[in-house]
Amino acid sequence: MLQRTRNGKGKTVLVAGGAGFVGSHLCDALLARGDRVICVDSYLTGSEDNVRPLLNHPGFRLIEMDICDLEAIDVPVSQVYNLACAASPPQYQADPVHTMMTCVAGTGNLLAIAEQNDASFLQASTSEVYGDPVEHPQREDYRGNVNCIGPRACYDEGKRAAEALCFDMLRAGRVDARVARIFNTYGPRMQPNDGRIISNLLVQAISGEPLTIYGTGEQTRSFCFVSDLVAGLMALMDVDPNPEGPVNLGNPGEFTINELAAMVLDMVPTTSRIVHRPLPQDDPQRRRPDISKARELLGWQPQIPLSEGLKHTAGWFIATLGEPAADLSS
Ligand code: NAD
Ligand code: UDP
């Protein structure tokens, strides 16, 4: 049953992590529908470039701050999106204690602001809560297989703790909290040095460097284009009543990393070849969302297949970094 959508237009919306890859696209979409946006970001992994076109927009305001230090907002807000957290494994492992504190203390601060403002709250959680999954595809009722003391734990367990905090606040009647479990998302504005697979492969192909595949490359991921994800996040925030449980948002199309690398080599003119590097510890072997819940409750499903989104993203990286290094004409 498709649930009713609350009219989300014309609100003041707080977007934590709004200068990041996904967050900046969310800010664009909220402003485009007539909302005012307050973006809070520390620029840890985001960039002012992502929001530069918005800086002169009358409905946009930027606060440069770590969410671990954010105590209050000086204007009333009616929705709070929490996307603030490094999302790439090398980035979130660079300072794992800060990643955990961002997920727990930072999310706690934003929930307190939502409570003070009687605002709805959306937490950007992750498919990483399923760890290296034993059940496939992953449904929301699967409890996961996470190594709670490994190098990914700061993120996986941090996000699990953040989910627990959201549902405790919801059960206590204190915050209208919603949780999106986001699967691998890609698109323009990923940082070239971000370290995630799609940006790595595209940047390597464009600059003529070897394409790095960790392990055999037979591990799988399911890749969602960013505009599809943003539509899903807004639908989840605006749906009435609150689904009162996590909702997977991702594209169920599942690809091995070898298949992805082959698509990149087909798409970008390059002399790059594939090299294999060791598989990082606890790297999940396969991942694919079951999105039945999002389809039913939000009427949402991704529209952009990987071939199309990858082409668009490659075009953006080429425009940003310059033409591919390879001259294949001779
Ligand atoms: P990103 O790294 O591009 O964006 C995160 C943003 O949060 C950056 O602008 C960064 O500067 C900011 N930030 C980080 N820690 C902060 C802190 N303590 N205080 C204030 N700002 C802080 O990552 P993204 O891909 O845009 O991911 C956005 C959110 O979605 C994250 O919470 C991530 O966990 C979640 N998510 C993303 C994916 C994905 O594939 N993109 C998958 C699952 C979950
Ligand atoms: N990966 C890879 N080469 C890279 C970066 C990542 O083979 O240069 C692999 C990584 O080991 C994982 C998959 O690609 O199996 C997706 O990695 P990413 O960091 O993008 O996301 P996550 O592991 O968090 O899903």
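How far apart should the ends of helix 1 be at 1.5 Å a residue, and how far apart are its end C-alpha atoms? Select residues 21-32 to find out: the 12 residues should span 16 Å (1.5 Å times one less than the number of residues), and the end C-alpha atoms lie 17 Å apart, which agrees. Helices here are DSSP runs of H or I with at least four residues, and strands are runs of E with at least two, numbered from the N terminus.

Before moving on, know that this is a predicted model, where local features need pLDDT of at least 70, side-chain atom pairs count only at pLDDT 80 or more, and totals for chains, interfaces and linings use all residues. Residues are numbered from 1 along each chain as its sequence is written, while chains are lettered from A and ligands numbered from 1 in the order in which they are written.

Stay on helix 1 and colour its buried residues (20 or more other C-beta atoms, placed from the backbone, within 10 Å of their own). Among them are Phe21, Gly23, Leu26 and Cys27. In total 9 of the 12 are buried, so the helix is largely enclosed by the rest of the structure. Just after it, Gly34 has a positive phi of about 105°.

Next, select Val15. Its contacts (C-beta atoms within 7 Å) include Gly23, Leu26 and Cys27, as well as Tyr81.

Finally, go to ligand 2. Of the 15 residues around it (C-beta atom, placed from the backbone, within 6 Å), Arg196, Ile197, Asn200, Thr212 and Tyr214 come nearest. Strand 9 gives the largest share of this shell, 3 residues.

Note on methods:
Two residues are in contact if their C-beta atoms, placed from the backbone, lie within 7 Å. Lists of a residue's contacts leave out its neighbours within four places in sequence.
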